[in-house]
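Please open the structure in your viewer and keep the selection panel at hand. The tour below suggests what to select at each stop and describes what is there.

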Amino acid sequence: MQAITEIIVEGKVLSRVVSGTDPAGVAGFLEDYRKVWMVFDTNVATHAARIEDALRQSGKLVAALPLNVSEESKTIETVLSLEDWLLATGADRDALLLAIGGGITTDMAGFAASVYKRGIRFAFVPTTLLAQVDAAIGGKTGVNFHSLKNMLGVIRQPDFTYICPEVLETLPARDFRSGAAEMLKTFIIEDGGNYEKAVRVLSDIAAGASIASHRNELQQLISAAAAVKAGVVSRDQFESGERRKLNLGHTFAHGIEWKAREAGSDITHGEAVAIGIIQAAKLTDKALAGRLQSDFSKAGLPTELPFPLESLADAMLKDKKAEGGKVHFVLIRSIGDVYTEDMTVAEAIAKL
Ligand SMILES: NC(=O)c1ccc[n+]([C@@H]2O[C@H](COP(=O)([O-])OP(=O)(O)OC[C@H]3O[C@@H](n4cnc5c(N)ncnc54)[C@H](O)[C@@H]3O)[C@@H](O)[C@H]2O)c1
């Protein structure tokens, strides 16, 4: 299996990120599996149909299940319906569950596979930019519970994640931009010369260029972002240290998303992350925050707080806690250099 990158813990390869030019290409990575169950988001039915054809030709497909996905249906009940389906169609410990869709689909399918018969193998074909650079890499799986995001779940790695930029050509522009925010976040954490390139490509697309016209550059950028995430996860799978860096902008973002839900207004996770990163940057370097603001705007992302900062405090307090009421804030020294600092939310707000 030709991998772009691997998640390696204590010398053992736990997961691979692989790539190809078209969705059906995933069939080329299924040599080691005898029986495949596939679950797909109904909004990606055309991409899934190409994969289904390829799997039928190889005689490996046992069952295929379309799923209507939304944050509201990202629940334990939906996961139970997946367990029912796996059981009814005879999935055994030899089964591979292949999930095709965005982060909601991969989070739920990964969780379903992780608990079915104490864990069967699973793999992902992420179809959103956000899932290709973030959600489908790193092994966090789960569902929402009592309106709390990702409250139930496990960390268990997919066998592999198959990246194919072609599927992004059908993604709505707003969902594409949501993933753009996570891509920019990744390169602010670890640049490797990719941040500037990502701003250029994403700005071009925000200005109307087609995804197809940037397919090769996107492939390289997505691979680079996936490699950054895989590297961080390899060093800290269970988020006891370095993996926290991936939460750059997220304390503010969670506050914004919580408030938006209360206010009945609509903001995507990536939009909230973009605004959150600008706030995080302001904590250390106002000039850098200004530069990021200009870059993010060009990439079609919002940068201004939609609610007064003080009104986000309660929701921000719910974020990942350190000792003594402090929160792990991720701060930016410069592009490619971030660190965590424990502060109370009140201390952070006072600095802004
Ligand atoms: N596990 C993790 O580490 C991790 C990290 C970040 C986010 N997440 C989770 O990911 C979810 C968000 O992921 P997402 O933004 O991919 O959301 P999503 O799965 O809801 O996809 C966004 C929308 O795009 C549609 N869609 C997906 N691919 C498409 C395509 N190629 N063409 C047309 N339409 C397409 C979907 O049906 C949906 O309407 C959240 O639930 C979040 O909690 C998980």
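The stops that follow go from the domains to the ligand, then to a pair of strands and a few single residues.

Before selecting anything, note that this is a predicted model, in which local features need pLDDT of at least 70 and side-chain atom pairs count only at pLDDT 80 or more, while totals for chains, interfaces and linings use all residues. Residues are numbered from 1 along each chain as its sequence is written.

**The two domains**

Begin by colouring residues 3–171 and 174–352 separately, since the protein chain is divided into domain 1 (3–171) and domain 2 (174–352), with bounds that come from an automatic or database domain assignment. The centres of the two domains, taken over C-alpha atoms, are separated by 25 Å. To their contact, domain 1 brings 23 residues and domain 2 brings 25 residues, where two residues are in contact if their C-beta atoms, placed from the backbone, lie within 7 Å.

Now select the side of domain 1 that touches domain 2, to which β1 (3–9), β2 (12–19) and α4 each supply at least two residues; helices (H or I, at least four residues) and strands (E, at least two) are DSSP runs, numbered from the N terminus. The largest share of this side, 6 residues, comes from β1. By residue type, the side of domain 1 that touches domain 2 divides into 14 nonpolar, 5 polar and 4 charged, counting Ala, Val, Leu, Ile, Met, Phe, Trp, Tyr, Cys and Pro as nonpolar, Asp, Glu, Lys and Arg as charged, and the others, Gly among them, as polar.

**The ligand**

Select the ligand next: where does it lie with respect to domain 1 and domain 2? Both domains give residues to the shell around the ligand, so it lies between them. The ligand is surrounded by 29 residues, of which the closest are N43, G102, G103, T128 and A135; a residue is near a molecule if its C-beta atom, placed from the backbone, lies within 6 Å of it. The elements that give two or more residues to this shell are α3 (103–115), α4 (129–135), β8 (148–155) and α5 (173–189). The shell divides into 9 nonpolar, 12 polar and 8 charged residues.

**A pair of strands**

Select residues 95–101 and 121–126 to see strands β5 and β6, which pair in the parallel sense over 6 bridges, with at least two DSSP bridges required for a pair. The bridge partner of I100 in β6 is V125. Between these strands the chain crosses from β5 through α3 to β6 in a right-handed β-α-β crossover, right-handed meaning that, with the strands pointing away from the viewer, the path from the first strand over the helix to the second runs clockwise. In strand β6, 5 of its 6 residues are buried, a residue being buried with 20 or more other C-beta atoms within 10 Å of its own, exposed with 12 or fewer, and partly exposed in between, with C-beta atoms placed from the backbone.

**Single residues**

Most residues other than glycine have a negative phi. Select R118, in the loop between α3 and β6, whose phi is near 60 degrees, a positive value. R118 is exposed, because 7 other C-beta atoms lie within 10 Å. Then select N150 in strand β8, where phi is near 50 degrees, again positive. N150 is partly exposed, with 14 other C-beta atoms within 10 Å.

Finish at E169, in the loop between β9 (160–163) and α5. E169 is exposed, with 12 other C-beta atoms within 10 Å, and it touches I211 and A212, not counting residues up to four places away in sequence.
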